[in-house]
Each structure stands twice: as C-alpha cells, then as structure tokens.
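Work through the exercises below with the structure in view. Try each task before reading its solution.

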Amino acid sequence: MNALGPIPEVFMLLKILVGSVVCQLRPCTMYSTDYGMFHFCIADSEHDWREGSEQYAWIEKCLASVDRKKQPWLIFSAHRVLGYSSNSWYAMEGSFEEPMGREHLQKLWQKYKVDIAFYGHVHNYERTCPIYQNQCVIPERYSYSGTVNGTIHVVVGGGGSHLSDFTEIDTVWSLYKDHDWGFVKLTAFNHSSLLFEYKKSRDGLVYDNFTISRDYRDVLACVHDGCEPTTLAS
Ligand SMILES: *[C@@H]1O[C@H](CO)[C@@H](O)[C@H](O)[C@H]1NC(C)=O
Ligand SMILES: *[C@@H]1O[C@H](CO)[C@@H](O)[C@H](O)[C@H]1NC(C)=O
Ligand SMILES: *[C@@H]1O[C@H](CO)[C@@H](O)[C@H](O)[C@H]1NC(C)=O
C-alpha cells in the first residue's frame with residue numbers, strides 16, 4: 001500500500017519494463033528517474049500542476065526525495081513550457097509560458113534548488129539566465145558557480161517537426177535563441193562540475209554551452225525563498 005492505495009500489477013509491470021523509472025501516481029504520466037549523478041522529475045503538463053493539485057504534491061515529493069550528495073544535478077522537465085519561452089504565441093498571450101506555470105511552480109524549483117528545467121512543445125531552442133520570479137539572479141552567461149539561487153530554463157523542442165517562431169520582443173532573461181533543429185547534451189564530470197551543450201542537428205556542432213561548478217555546501221546555502229522558516233529561526 002502507498003498513500004494512494006494498493007499498487008496494481010500493471011504498475012509493477014511498468015516499473016519492471018522501464019527499469020529505474022518510478023511512477024507514484026497512476027496512470028504513469030509523471031515520473032522520476034535517476035541517471036548517474038542526475039535526478040529527473042518529469043511532470044505532466046496535460047494535467048493540473050497548480051498548488052493544491054495532486055501533481056503539485058507529487059512534484060514536491062519528487063524534488064524533495066533527491067540526495068544531492070549522491071545526485072547533485074536536479075532536473076525538472078515537462079512537455080509544455082511551464083517556465084519561460086519567447087515563442088510567438090506565448091508572447092502574444094503575454095505570459096511567455098503556459099498560463100499559471102511558473103507562478104505556481106517556481107516556489108518549488110527555488111526551494112529544492114532545481115538546476116535546469118527542460119521543456120518541449122515549442123519547436124525551437126532557447127536558454128534563460130538562472131532566474132527566479134522573472135529576474136535573472138546571476139549576470140554571468142557561460143559559467144555558473146556558487147549558490148543555486150535560480151533555475152536555468154531551456155526549451156529544446158527542435159526534434160524534427162516544423163519550427164516555431166520567436167517573438168520580436170527582446171526579453172532580458174533570454175540568453176540564447178535558435179530557430180533550428182537541435183538537441184542538448186549534459187555531461188556531469190563529477191559531483192561538482194557539469195557541462196551543458198546545445199548542438200544543431202544539421203552539423204552536430206556546439207552552438208550554445210555553459211558550465212556549472214558547485215559543491216554540496218552551495219546547494220545547502222540559504223537563498224531567497226529557498227530555506228525552511230525553521231532554518232532562519234535557528
Ligand atoms: C545569486 O548567487 C550569485 C552567485 O553566488 C550572486 O552573485 C547573486 O548576488 C545572487 N543573487 C541573489 C538575488 O541572491
Ligand atoms: C571535476 O571535474 C572538473 C572538470 O573535469 C575538474 O576540473 C575538477 O577538478 C573535478 N573536481 C573534482 C573534485 O574531482
Ligand atoms: C562555449 O561557449 C563559449 C562562449 O561562447 C565559447 O567561447 C566556447 O568555445 C564554447 N565551448 C564549446 C566547447 O563549444
């Protein structure tokens with residue numbers, strides 16, 4: 001039994017079929033998976049993610065469950081853009097995301113110090129600065145170190161379908177845009193060094209990249225909205 005009732009056979013089968021992927025809600029549309037030094041929390045943007053929803057509680061549980069000593073690199077992902085995108089239709093709506101995406105989830109990304117959030121749905125590439133509440137928290141563009149006081153949001157939806165247009169509006173948080181097909185490669189050299197590379201599919205060359213260098217103590221550091229009230233009181 002778990003909080004949601006008995007685990008059915010189909011769940012067990014799924015768990016076996018997909019190896020280390022762990023589904024905590026049924027159907028298995030949101031899941032977590034570990035890959036080496038990475039912990040992934042994959043949300044389901046086709047179902048309610050707002051505060052108070054079942055999924056919100058699941059996302060919090062997933063982010064909270066990682067042991068950053070073992071898996072320092074924490075990744076959030078969803079199909080639709082719940083963070084930031086300069087895609088033209090999101091810009092036309094004025095939200096630069098799915099409405100009520102980051103408004104509801106940024107507290108969790110901040111509290112649990114999510115390093116990178118990945119999205120698709122929009123068929124292009126875009127990377128933000130480390131950001132919290134629409135503000136870039138670090139001016140640096142290519143190399144990040146020290147406390148995790150914001151999350152880097154990446155749209156990497158150039159998997160092969162038609163391409164999506166960007167708005168003409170120049171947002172301060174957008175560091176790199178590419179109206180082309182491509183993919184991202186993450187390399188964790190060790191527990192304190194990560195390389196992010198965006199490559200175009202047409203030539204396999206790196207067009208955007210950054211590094212993150214940080215230690216466990218940087219993950220523990222108190223940041224705005226990132227500490228339990230008890231931590232501040234003690
Ligand atoms: C975030 O962290 C960086 C690097 O440690 C620091 O330079 C910056 O002032 C911090 N920003 C905020 C808003 O706390
Ligand atoms: C981690 O890897 C980076 C990049 O290869 C290297 O510079 C650094 O010394 C390594 N750190 C540790 C603690 O092994
Ligand atoms: C990463 O980006 C920086 C800044 O644009 C560039 O100088 C560097 O050569 C790039 N590294 C790789 C491996 O592409």
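Two strands pair if DSSP finds at least two bridges between them. Helices (H or I, at least four residues) and strands (E, at least two) are DSSP runs, numbered from the N terminus. This is a predicted model: local features need pLDDT of at least 70, side-chain atom pairs count only at pLDDT 80 or more, and totals for chains, interfaces and linings use all residues. Residues are numbered from 1 along each chain as its sequence is written, while chains are lettered from A and ligands numbered from 1 in the order in which they are written.

**Exercise 1. Find the partners of strand 11 and place them in a sheet.**

Step 1. Start with strand 11 (residues 193-200) and strand 12 (residues 206-213), which pair in the antiparallel sense over 7 bridges. Leu 195 faces Thr 211 of strand 12.

Step 2. Widen the view. An open sheet of 4 strands has the order 7-12-11-10, with mixed pairing. Strand 7 (143-145) and strand 10 (182-190) are the edges; each has a single partner strand, so one side of each lacks a neighbour in the sheet.

Step 3. Check the twist. On average, neighbouring strands here are turned by 15° against each other, direction ignored (axes are lines fitted to C-alpha atoms, for helices over the stretch in contact; angles run from 0 to 180 degrees between N-to-C directions).

**Exercise 2. Trace the chain from strand 1 to strand 4.**

Step 1. Strand 1 (residues 31-35) and strand 2 run antiparallel, joined by 5 bridges. Asp 34 stands opposite His 39. The two strands make a hairpin with 2 residues between them, and Gly 36 in the turn has a positive phi of about 55°.

Step 2. Strand 2 (residues 38-42) pairs with strand 3 in the parallel sense over 5 bridges. Ile 42 is set opposite Ser 77. From strand 2 the chain passes through helix 2 (residues 54-64) to strand 3, a right-handed β-α-β crossover. Right-handed means that, with the strands pointing away from the viewer, the path from the first strand over the helix to the second runs clockwise.

Step 3. Strand 3 runs parallel to strand 4 (residues 116-119), with 4 bridges between them. Here Ala 78 stands opposite Tyr 119.

**Exercise 3. How covered is strand 3, and what does strand 3 give to the largest nonpolar core?**

Step 1. A residue is buried if 20 or more other C-beta atoms lie within 10 Å of its own, exposed if 12 or fewer, and partly exposed in between; C-beta atoms are placed from the backbone. In strand 3 (residues 73-78), 5 of its 6 residues are buried.

Step 2. A nonpolar core is a set of buried Ala, Val, Leu, Ile, Met, Phe, Trp, Tyr and Cys residues joined through C-beta atoms within 7 Å. The largest has 43 residues, and Ile 59, Leu 63 and Ala 117 touch the most other members.

Step 3. Several elements supply at least two residues each, among them helix 2, strand 8 (151-156) and strand 12. Strand 3 gives the most, with 5 residues.

**Exercise 4. Is Phe 96 buried or exposed? What of His 121?**

Step 1. Phe 96 sits in the loop between helix 3 (88-93) and helix 4. Phe 96 is buried because 21 C-beta neighbours lie inside 10 Å.

Step 2. His 121 belongs to the loop between strand 4 and strand 5. With 17 other C-beta atoms within 10 Å, His 121 is partly exposed.

Step 3. Compare phi. Most residues other than glycine have a negative phi. Yet Phe 96 has a positive phi of about 60°, and phi of His 121 is near 70°.
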